[in-house]
Amino acid sequence: KWEQARISAKTLLSVNASDGEAKWAMKAAVHRFAVDDVKLKLGIAISERDDAELENILSEAAELGLDETECAEVRDASALFSIISEARHVMCGGIANVDIATIQRGIALAASVQYTGGEVARATELESKIKSTLEKVETALKSVKRSDIEVAMKAVQDINLKGKRVQALTNLYNLPRDKFLQHQLKLIMKTADVKRVTYITISIKSLFFRDFEAMFAIDNYSRLRSPDEYCRSAVLASKKKKERLRLGMLTHSVEALPTSLTKLGDKEKVKEALRMFKSLQQYMGDKPGMYPTTIAEELVQTALVDVELRDELYMQTVKQLRNNNSVQSRRLGWDMLEWCLSSFPPSPELENHLELYLRKHAPHNCVGKTEEGEEVKKLVWMMHERVRMGAVKPKFPASQSGH
């Protein structure tokens with residue numbers, strides 16, 4: 001309608017070009033029509049929050065000489081366009097820098113004028129992703145679980161998120177495995193998650209044994225007698241038998257011990273060690289004996305009362321397991337070790353030697369996996385638990401038919 005009016009006015013002007021008054025009137029009419037047209041379009045652009053249209057119509061208004069002081073529509077449109085432009089600029093900066101604070105400020109500005117176009121959808125989507133990613137980062141930093149850390153790192157990399165907490169996560173993620181496990185253990189030790197502490201400790205020990213396995217072979221236990229000292233204790237034995245004793249000090253035997261396997265404080269304790277070995281042989285079926293459960297209970301009770309005999313019993317049991325051709329005897333030997341591990345820990349000097357032996361030779365009875373995916377044998381778990389908790393009243397373990 002307004003376009004038709006302008007065309008009619010221009011036609012009249014061309015017909016009456018010599019009439020000054022008519023020419024002025026026609027120019028005024030055209031200007032009025034243009035002003036009304038601009039006001040109408042500004043109203044539509046304002047209601048639709050169309051910033052591109054607002055920019056174009058405001059340019060037309062400027063060409064017609066309309067300003068904010070004289071025209072409410074121009075004033076309202078200019079204020080709206082200014083807020084939308086700032087909101088878009090802020091959101092673009094926030095999106096480029098993946099900065100949630102800046103994005104939220106831009107979204108808030110847009111919301112204050114009900115603007116939903118431009119970058120609002122992208123900014124809102126990115127805000128949601130950043131919130132989700134930051135939650136994953138906090139979860140990973142709190143749990144210090146490798147799986148949580150990897151999930152959080154992937155989310156961080158997907159949106160290229162930066163920040164202090166993200167840097168803390170990245171530093172943790174990039175730690176060498178041994179340093180990571182040490183850091184993990186330090187944090188978890190402050191919690192009551194005893195089970196997880198044990199799993200992490202087992203993982204750390206795995207790295208330790210990888211580098212120092214030879215050092216902790218069971219034969220290298222520092223309190224063991226030397227093979228020469230051991231065989232010399234058989235004073236009346238022939239040279240040939242002494243050599244057999246020397247070579248077989250830590251292998252299965254149906255014969256009596258000439259002396260204790262470990263260095264004990266006095267002769268009475270050595271005598272007790274010899275009695276223990278005879279009872280162990282009877283329990284394992286290497287020698288005739290009755291009431292094996294009672295024998296086992298007495299052995300464990302003896303070691304509970306006398307701390308120095310604990311390592312002796314552990315080493316005697318290991319001896320009877322090595323090169324033992326009897327399936328039944330081996331099964332009972334592992335049962336004996338399980339009973340010991342459920343009752344008292346090895347000494348700190350024996351601990352690593354015994355754990356390495358259990359890791360390499362104990363029955364494959366898995367009780368779970370570490371966070372690194374390593375399977376944990378039951379007896380290894382029991383040893384760590386006993387070392388941590390100390391000696392307790394003996395409780396005979398369930399049947400070990402799987403050994």
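## Helix crossings, rings and two loops

Trainee: Which residues of helix 13 meet which residues of helix 14?
Mentor: Glu 272, Met 276, Ser 279, Leu 280, Gln 282 and Tyr 283 in helix 13 meet Pro 292, Ile 295, Ala 296, Leu 299 and Thr 302 in helix 14. Contact here means heavy atoms within 4.5 Å. Helices are DSSP runs (H or I, at least four residues), numbered from the N terminus.

Trainee: What kind of model is this, and which pLDDT do features need?
Mentor: It is predicted: local features need pLDDT of at least 70, side-chain atom pairs count only at pLDDT 80 or more, and totals for chains, interfaces and linings use all residues. Residues are numbered from 1 along each chain as its sequence is written, and side-chain values use heavy atoms, with hydrogens and water left out.

Trainee: Back to the contact of helix 13 with helix 14. How many residues per class?
Mentor: The contact has 7 nonpolar, 3 polar and 1 charged residues. Ala, Val, Leu, Ile, Met, Phe, Trp, Tyr, Cys and Pro count as nonpolar; Asp, Glu, Lys and Arg as charged; the others, Gly among them, as polar.

Trainee: And at what angle do the axes of helix 13 and helix 14 cross?
Mentor: Roughly 150°, with the axes of helix 13 (residues 267–283) and helix 14 (residues 292–305) coming within 9 Å. Axes are lines fitted to C-alpha atoms over the stretch in contact, with angles from 0 to 180 degrees between N-to-C directions. The two helices are therefore roughly antiparallel. The cut-offs: under 35 degrees is roughly parallel, over 145 roughly antiparallel, 65 to 115 roughly perpendicular, the rest oblique.

Trainee: Left-handed or right-handed, that crossing of helix 13 and helix 14?
Mentor: Left-handed. That is, the near helix is turned anticlockwise from the far one by less than a right angle; clockwise would be right-handed.

Trainee: How close do the axes of helix 6 and helix 7 come?
Mentor: Within 8 Å, crossing at roughly 150°. Helix 6 covers residues 120–143 and helix 7 residues 146–159. They are therefore roughly antiparallel to each other, and their crossing is left-handed.

Trainee: Who meets whom between helix 6 and helix 7?
Mentor: On helix 6, the residues include Leu 126, Ile 130, Val 137 and Ala 140. On helix 7, they include Ile 149, Ala 152, Val 156 and Ile 159. By class, that contact has 10 nonpolar, 3 polar and 3 charged residues.

Trainee: New topic. How many aromatic pairs are in the whole structure?
Mentor: The search finds 7. Rings of Phe, Tyr and Trp (its six-membered ring) pair if their centres lie within 6.5 Å; planes under 30 degrees apart are stacked, over 60 edge-to-face, the rest tilted. Take Tyr 199 and Trp 381: the centres are 4.7 Å apart and the planes at 50°, so this pair is tilted.

Trainee: Where do Tyr 199 and Trp 381 lie?
Mentor: Tyr 199 is in helix 10 (residues 194–212) and Trp 381 in helix 18 (residues 378–389), so the pair ties together parts 182 residues apart in sequence.

Trainee: Is Tyr 199 buried or exposed?
Mentor: Tyr 199 counts as buried, at 10% relative accessibility. Trp 381 is buried too, at 14%. Buried means under 20% relative accessible area, exposed over 50%, partly exposed in between (1.4 Å probe, protein chains only).

Trainee: What about Phe 209 and Phe 216?
Mentor: They form an edge-to-face pair, 6.3 Å centre to centre with 80° between the planes. Phe 209 is buried at 4%, and Phe 216 at 12%. Both belong to one aromatic cluster with Phe 208 and Phe 212.

Trainee: What does Arg 359 touch?
Mentor: Ile 202, Lys 205, Ser 206, Phe 209, Glu 374, Lys 377 and Val 380, not counting residues up to four places away in sequence. Arg 359 is in helix 17 (residues 348–361). At 18% relative accessibility, Arg 359 counts as buried.

Trainee: How do the axes of helix 17 and helix 18 cross?
Mentor: At roughly 160°, coming within 9 Å. Helix 17 and helix 18 are therefore roughly antiparallel, and the crossing is left-handed. Arg 359 is among the helix 17 residues in that contact, and Val 380 among those of helix 18.

Trainee: Last one. Which value is phi of Arg 49 near?
Mentor: It is near 50°, positive in a residue other than glycine. Most residues other than glycine have a negative phi. Arg 49 sits in the loop between helix 2 (20–48) and helix 3 (51–63), and counts as partly exposed at 22%. Asn 323 also has a positive phi, near 55°. Asn 323 is in the loop between helix 15 (308–321) and helix 16 (327–341), and is exposed at 62%.
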